[in-house]
Amino acid sequence: MMTLSDCEKVPRVREGTFMNGRISLFRTGYTLMISNNPEYLGGQQLKQQALADEGLYLYRDTATGRVRVFLYHYNNTKSTVKLAVSVRNPGKTGMHLYRSRTGISVHGQSIMAGTQAWHGWLTNAPQGQDTYVSALPAGESMHVLESPLVQVNETVCGVVDFFALSGYGFYAPLEITVYALAERIAPRLAAAKPDPYYQQLPDRPADDPCFRGQYIEYGDPCFEASVRGTFPSCSRYALVPWDASGGARYMELFNRHSSPRALLGEFEPGIDATTHKKVYVANYGVDYTLQFLFADEGHKQHLDGYFQNPYDSWQYFILSEDGDARYCGAFAKDEAWHYKKLRLADSRLHRLWTTIPGGFSGKQQIVWK
């Protein structure tokens, strides 16, 4: 189980030198499908019932090769439901389905649903090894992930990585559908409409091209609310040079894709296959591996751990140095998280894995001092 034993609340630390301009992220991994709109299963602005019992699915697309599906939905209907990721063999011959990592969680606190799902993805057996699931005959469907019961006013989050092989050992295409179900076992009609379908932008820095008060529609380059879509890459990697003796330094993740402070290579556009619109996302479903390379031999003496300053209150991040999950609870704007149990290697390399669990949009600051 995750605990708070590896972090402590401390006063907000001085950020020091901003490092984003010296860091480039490489997009790695494989296809990412995100189902986070409509986030509210009973509708938010459109007041629709996005349930399989009414023939609506949440997201559907076809992909060949390794795929990650990230789903995040809130049950504001009047019924207990389940969420499922269904795969169908669209071909004329059989195929074989494999799965590697999976995490699923239902929680009354939305951020904790995402935190626990990612913790499961990190730690559940077989921990990334490809395991055989089942044969899938032509035209047949099965669930590759299914949630426990989601009560009214609960949030469900799921992360699952999988792929299919043909009888000849090549990657085979899969039709992938995310949907909510109560009684019927499969949706049969169109996708639920995106909701909210427009957004009025909040205050921005002066150099942000997306200006305050602008009304934008779903699919606009400045649209920031939750989206659904298919994206080329599910992971990010960076080798981050760091001078441990040069005073406090910091970097930011999870900025807006329109922000001039965003890391180079962090965001990429995808396509909402149900609307054919280009979309961006605040990198839900994306995991990051950061290899900090300390420039001086005395890094162990110079560094007092790493810190996370909040962008706003009520934000959670999940991190790992060794394959296990670490996280901290909510904190105020004048506080920070201090991760104090470090395992700094003599090689001067320190690996940090992190992701955003869902439930908010906001940047993460990593400060070394």
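A charge is taken to sit over a ring if NZ of Lys or CZ of Arg is within 6 Å of the ring centre and within 35 degrees of the ring normal. I worked throughout on a predicted model.

**Entry 1. Charges over rings**

With that criterion in hand, I looked up arginines placed over aromatic side chains. I found the charged end of Arg 60 over the ring of Tyr 57, at 4.3 Å from the ring centre. I also noted Arg 261, which lies over the face of Phe 18 with 4.0 Å to the centre of the ring.

**Entry 2. The open sheet**

I next traced the strand order of one sheet. I recorded an open sheet of 6 strands in the order 3-16-20-25-22-23, and its pairing is mixed. I then asked which strands stand at the edges of this sheet. They are strand 3 (26–28) and strand 23 (326–327); each has a single partner strand, so one side of each lacks a neighbour in the sheet.

Within the sheet I examined strand 16 (residues 235–242) and strand 20 (residues 287–294), which run parallel and are joined by 8 bridges. As a reference point for this pairing I noted Leu 239, which stands opposite Gln 291 of strand 20.

**Entry 3. Strand 7 and its partners**

I turned to strand 7 (residues 82–88) and checked its burial. I found 5 of its 7 residues buried, so the strand is largely enclosed by the rest of the structure.

I then listed its pairings. Strand 12 (residues 173–181) runs antiparallel to strand 7, with 7 bridges between them; in this pairing Leu 83 has Ala 180 of strand 12 as its bridge partner. Strand 10 (residues 141–146) is likewise antiparallel to strand 7, joined by 5 bridges, and here I noted Arg 88 opposite Ser 141.

**Entry 4. Salt bridges**

I searched the whole structure for salt bridges and obtained 9. I looked at three of them individually.

For Glu 268 and Arg 27, I read an N to O distance of 3.9 Å between the side chains. The two belong to distant parts of the chain, 241 residues apart: Glu 268 is in the loop between strand 17 (249–253) and strand 18 (270–272), and Arg 27 is in strand 3. Is each partner buried or partly exposed? Glu 268 has a relative accessible area of 9% and is buried, whereas Arg 27, at 40%, counts as partly exposed.

For Arg 68 and Asp 161, the closest N and O atoms are 3.1 Å apart. This pair also links distant parts of the chain, with Arg 68 in strand 6 (residues 67–74) and Asp 161 in strand 11 (residues 155–166), 93 residues apart. I found both residues, Arg 68 and Asp 161, buried.

For Arg 228 and Asp 272, I read 3.0 Å between the closest N and O atoms. Arg 228 is in strand 15 (residues 228–231) and Asp 272 in strand 18, so the salt bridge ties together parts that lie 44 residues apart in sequence. Arg 228 and Asp 272 are both buried. I also recorded a network in which salt bridges with shared partners join Arg 68, Asp 161 and Asp 287.

**Entry 5. Aromatic pairs**

A search of the whole structure gave me 17 aromatic pairs. In one of them, the ring centres of Trp 121 and Trp 353 are 6.0 Å apart with the planes at 20 degrees, so I entered the pair as stacked. Trp 121 lies in helix 1 (residues 110–123) and Trp 353 in strand 25 (residues 349–355), 232 residues apart. Both Trp 121 and Trp 353 are buried.

I entered Phe 254 and Tyr 288 as an edge-to-face pair, with 5.2 Å from centre to centre and 85 degrees between the planes. Phe 254 is in the loop between strand 17 and strand 18, and Tyr 288 is in strand 20, so this pair ties together parts 34 residues apart in sequence. Phe 254 and Tyr 288 are both buried.

I then noted one aromatic cluster, formed by Phe 70, Tyr 72, Trp 118, Trp 121, Tyr 284 and Trp 353.

**Entry 6. A nonpolar surface patch**

Lastly I asked which residues form a nonpolar patch on the surface. They are Phe 26, Tyr 237, Leu 239, Leu 293 and Leu 349, with about 440 Å² of accessible area together. I followed up Leu 349, which is found in strand 25. At 36% relative accessibility, Leu 349 counts as partly exposed.

Note on methods
Residues are numbered from 1 along each chain as its sequence is written. This is a predicted model: local features need pLDDT of at least 70, side-chain atom pairs count only at pLDDT 80 or more; totals for chains, interfaces and linings use all residues. Side-chain values use heavy atoms; hydrogens and water are left out. Two strands pair if DSSP finds at least two bridges between them. Helices (H or I, at least four residues) and strands (E, at least two) are DSSP runs, numbered from the N terminus. A salt bridge is a side-chain nitrogen of Lys or Arg within 4 Å of a carboxyl oxygen of Asp or Glu. Buried means under 20% relative accessible area, exposed over 50%, partly exposed in between (1.4 Å probe, protein chains only). Rings of Phe, Tyr and Trp (its six-membered ring) pair if their centres lie within 6.5 Å; planes under 30 degrees apart count as stacked, over 60 as edge-to-face and the rest as tilted. Patches are made of residues with over 30% relative accessible area and no salt bridge: like charges are joined within 9 Å, nonpolar side chains (Val, Leu, Ile, Met, Phe, Trp, Tyr) within 5 Å. Accessible areas come from the Shrake-Rupley method with a 1.4 Å probe; for residues, only the protein chains shown count as cover.
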